Amino acid sequence: MGSRASAEKMSLPLSRSEVFGELRKELHEDEKFHQSDVHIFIIMGASGDLAKKKIYPTLWWLFRDGLLPEQTYFVGYARSDLTVDAIRTACLPHMKVEDSESERLEAFFKRNSYVSGKYDQDASFAKLHEYLLSLPSGAEANRLFYLALPPSVYHDVTQNIRHHCMATKGWNRIIVEKPFGRDLQSSEELSNHLSSLFTEDQIYRIDHYLGKEMVQNLMVLRFGNRIFGPIWNRDSVACVVLTFKEPFGTQGRGGYFDDFGIIRDVMQNHLLQMLCLVAMEKPATTSSDDVRDEKVKVLKCITPATLDDVVLGQYVGNPDGEGDAKLSYLDDPTVPKGSTTATFATAVLRVNNERWDGVPFILRCGKALNERKAEVRLQFKDVPGDIFSGQCRRNELVVRVQPNEAIYAKMMTKKPGGYFSPEETELDLTYRSRYKNVKLPDAYERLILDVFCGSQMHFVRSDELREAWRIFTPLLHKIEGEKTPPIQYPYGSRGPPEADELLKRVGFRYAGTYKWVEPNKL
């Protein structure tokens, strides 16, 4: 009788809250919500580009797909005198709304409201708090604060949230965007400030790369397959290359970029996070702290980067290019004249532990390059005792994060036909071919959902951040103190040739003979 009743219950359509609860249970096995089922998502900096292009569209997609709790309200906060209609108009071009979804869109914006106020005034936050209490069941609601703000106002905003806007019955969670400081000292100051106001389990430092499908897949690939375990170490791996390439320059945001540079913008966070997932030992469980404990152990084994193992570049206009490609970084009117900020960097790091001793980890990133690509590449050592007269190329395992998510292994096989000679080919898992009807969620969708669910696995912990800055701060101080001139490279190229020479010097072998051929359609 009981089983029949439960079967009937399973066949009933679930409410959005039940869908959310099931998803939460499946993904995170967390405890049930305490106190309240009502959630208020507060977007601090609602008038900014990040809110308009990413946060509001992501909240809409989660709401549209029924992945948020039934009673979720969205409150924008900024200094500007805005209306919900104005926010809607600004966000719509980025929200990908189908004609059939207009009713659902109306329901989403009915849950939206906006409060204008200063970032440094107690009275403004007291007013915001009163408004949050006035929402349906506002006194019992859980509160999520997304700081879509420049770091310059973090101090005031977080202090005012802590003193005036915390929920007393529900939980509170704070989402902080990078950059998390400029170096070890400023990062520590920010971490100490946040930890004086909130507990670590309330702080979610977001690095959107940790929300990407293939980055999250690295753990399953490594620890869910027996075949990789015995070869994932210094005995078999010659080197690991982590790449982030963009085909466009900094036009429009050069002034912002010039304050940080490519190492802070990409290498110290996105690429280092991917390195951790490639290099870490198997965690005891998939719980947030067990995973992050192992990532911290890897970072502690890395010696600080030195200028001897780094190549810096800055793009110049390509006379044969079109449009922006003719412009150099210094042609951007928002970039200071004579800036030596790097738009390209290649760095070699070493993980000094038993598994990886002697294996170079090469981090490459840059703007205005020849393609858009982010990938992890493990190049394996040569086959010992070669019997094919040097015709074999090194095996590689490649995890392509973007575009066109894929995992493929480059390997040797016999050339088809009446030959007995090796030929390069691949075992190819291209997601769009294998998972034709699966829509991969946006990285921000996964991560914001994680915050609702209380899972911190894909967020950066304070000790992890400290170690990441320890690795790069001496290098950054040296580059900026000495104004190290970057090597010029043309817009649309592979970057400075010196970077390829560095790769070759540390042991990466580039044959240039491999050509990927799209599989024939069956």
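This is a walk through the structure, from its two sheets to its cavities and a few unusual backbone spots. The model is a predicted one.

Start with the sheet of 9 strands. This sheet is open, and its pairing is mixed. Its strands follow the order E14-E13-E12-E11-E7-E10-E9-E8-E16. Strands of a sheet pair through backbone hydrogen bonds, either parallel or antiparallel. Two strands stand at the edges: E14, residues 422-430, and E16, residues 487-490. Each has a single partner strand, so one side of each is left without a neighbour in the sheet. On average, neighbouring strands here are turned by 20° against each other, direction ignored.

Now follow part of that order, strand by strand. Strand E11 covers residues 373-380, and strand E12 covers residues 396-402. The two run antiparallel and are joined by 6 bridges. Find Arg-377, and opposite this residue stands Val-398 in E12. E12 then pairs with E13, again in the antiparallel sense, over 5 bridges. Here Val-399 stands opposite Ile-407 in E13. Strand E13, in turn, pairs with E14 in the antiparallel sense over 9 bridges. Look for Thr-413, which stands opposite Glu-423 in E14. In a regular strand the side chains alternate between the two faces of the sheet.

The turn from E12 to E13 deserves a stop. E12 and E13 form a hairpin with 3 residues between the strands. In this hairpin Asn-404 takes a positive phi near 55°. Next to look at is the bond between Gln-402 and Pro-403, a cis peptide bond with omega of about -15°. Pro-403 lies in the loop between E12 and strand E13, residues 406-414.

Which helix lies across strands of this sheet, E10 among them? Helix H10, residues 254-279, does so. The strands under H10 are E7 (237-245), E8 (310-316), E9 (344-350), E10 (360-366), E11 and E12. H10 runs at about 145° to E10.

Two other backbone spots stand in loops. Ala-368 lies in the loop between E10 and E11. Its phi is near 55°, a positive value in a residue other than glycine. Is Ala-368 buried or exposed? Ala-368 has 0% relative accessibility, so this residue counts as buried. Lys-483 sits in the loop between H14 and E16. Lys-483 also has a positive phi, of about 50°, although it is not a glycine. Yet Lys-483 counts as exposed, because its relative accessibility is 55%.

Turn to the other sheet. This open sheet has 7 strands, in the order E3-E2-E1-E4-E5-E6-E15. Its pairing is mixed. The edges belong to strand E3, residues 112-116, and strand E15, residues 459-460. Each of these has a single partner strand, so one side of each is left without a neighbour in the sheet. E3 is joined by 5 bridges to strand E2, residues 71-78, and the two run parallel. In this pair Ala-78 stands opposite Ser-116 in E3.

A helix lies across this sheet's strands too. Helix H7 lies across strand E1 (38-44), E4 and strand E5 (172-177). H7 runs at about 175° to E4. Between strand E4 (142-147) and helix H7 (154-164) there is a loop, and Pro-151 lies in it. Pro-151 counts as partly exposed, because its relative accessibility is 37%. Compare the place of Asn-353, 202 residues from Pro-151 along the chain. The C-alpha atoms of the two are separated by 35 Å.

Last come the empty spaces. Rolling a probe the size of a water molecule over the atoms shows where empty space is left. How many cavities of 30 Å³ or more does a search of the whole structure find? The search finds 4. The largest cavity holds about 140 Å³ of space. Its lining has 17 residues. Nearest its centre lie Phe-180, Asp-207, Gln-268, Asn-269 and Leu-465. H10 and helix H14, residues 462-482, are the elements that give two or more residues to this lining. H10 gives the most, with 6 residues. By class, the lining has 9 nonpolar, 4 polar and 4 charged residues. H10 thus appears in two places on this walk: it lies across strands of the 9-strand sheet, and it helps line the largest cavity.

Definitions and conventions: Residues numbered from 1 in each chain as written. Predicted model: local features only at pLDDT ≥ 70, side-chain atom pairs only at ≥ 80, totals over all residues. Heavy atoms only, no water. Pairing = 2+ DSSP bridges. Helix = DSSP H or I, 4+ residues; strand = E, 2+ residues; numbered from the N terminus. Axes fitted to C-alpha atoms, helices over the stretch in contact; angles between N-to-C directions. Contact = heavy atoms within 4.5 Å. Buried < 20%, exposed > 50% of the residue type's maximum accessible area, 1.4 Å probe, protein only. 1 Å grid on protein atoms, 1.4 Å probe; cavity = no way out; pocket = protein on both sides within 12 Å on 5 of 7 lines; lining within 4 Å. Points joined across faces, edges and corners; volume = space filled by probe spheres on them. Nonpolar A, V, L, I, M, F, W, Y, C, P; charged D, E, K, R; others polar.
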